[in-house]
Amino acid sequence: MAEVKKFVCSHCRYLLEVSDRGHPYFLSDEGKPQFFSEAPREEQVEAFLQHSAGRELAGQERAAFLAQRTGTMSDMLCVDCGGKFKRDVDRQELVCPGRKCHSNNVFAVWHLEGKTCPSCKTGHFKLKRLTAVP
Ligand SMILES: [Zn+2]
Ligand SMILES: [Zn+2]
């Protein structure tokens, strides 16, 4: 089960939707984030381990490798320019990638409640609906 939140701006009705599932990814051998596609997740993790570890890993060694090379990115919103992007909040710098923006006024969409709307700069985001999806 995942949860989906819908936020709406109190002024201009700007609507945003986000799932708590996020975007699972692994780091390629070149250190670039590559997103896992939708299910089946286990098979993709195995393929990644075989390709990148180069040998069988088990137990702690496997857990450590996965901790180092995989993560989850969250949907982010810059409340200054309205730019949307993805970041691993545990690992990456939280700065807007917008060319002229570089604001650090960025938030995970999941935690957007009460933040100022970047579209009208007047309203605030309110939680419209929280639903559970399979
Ligand atoms: Zn608005
Ligand atoms: Zn920005």
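**Strand β5 and its partners, plus G54**

Visitor: How do you know that β5 and β6 are paired?

Guide: This is a predicted model, where local features need pLDDT of at least 70, side-chain atom pairs count only at pLDDT 80 or more, and totals for chains, interfaces and linings use all residues. Residues are numbered from 1 along each chain as its sequence is written, with chains lettered from A and ligands numbered from 1 in the order in which they are written. Now, two strands pair if DSSP finds at least two bridges between them. β5 and β6 (residues 84–87) have four, so they pair, antiparallel. One partnership there is S74 with R87 in β6. The two strands form a hairpin with five residues between them, and G82 in the turn has a positive phi of about 80°.

Visitor: What makes β3 a partner of β5?

Guide: Four bridges again, antiparallel, between β3 (residues 23–27) and β5 (residues 70–78). F26, for instance, has T70 in β5 as its bridge partner. Strands here are DSSP runs of E, at least two residues, and helices are runs of H or I, at least four, numbered from the N terminus.

Visitor: And why is β7 called paired with β5?

Guide: Three bridges join β5 to β7 (residues 106–108), so the requirement of at least two is met; the strands run antiparallel. C78 stands opposite V106 in β7.

Visitor: Why is G54 called exposed?

Guide: Exposed means 12 or fewer other C-beta atoms within 10 Å of the residue's own (buried is 20 or more, partly exposed in between, with C-beta atoms placed from the backbone). G54 has 9, so it counts as exposed. G54 sits in the loop between α1 (41–53) and α2 (59–69).
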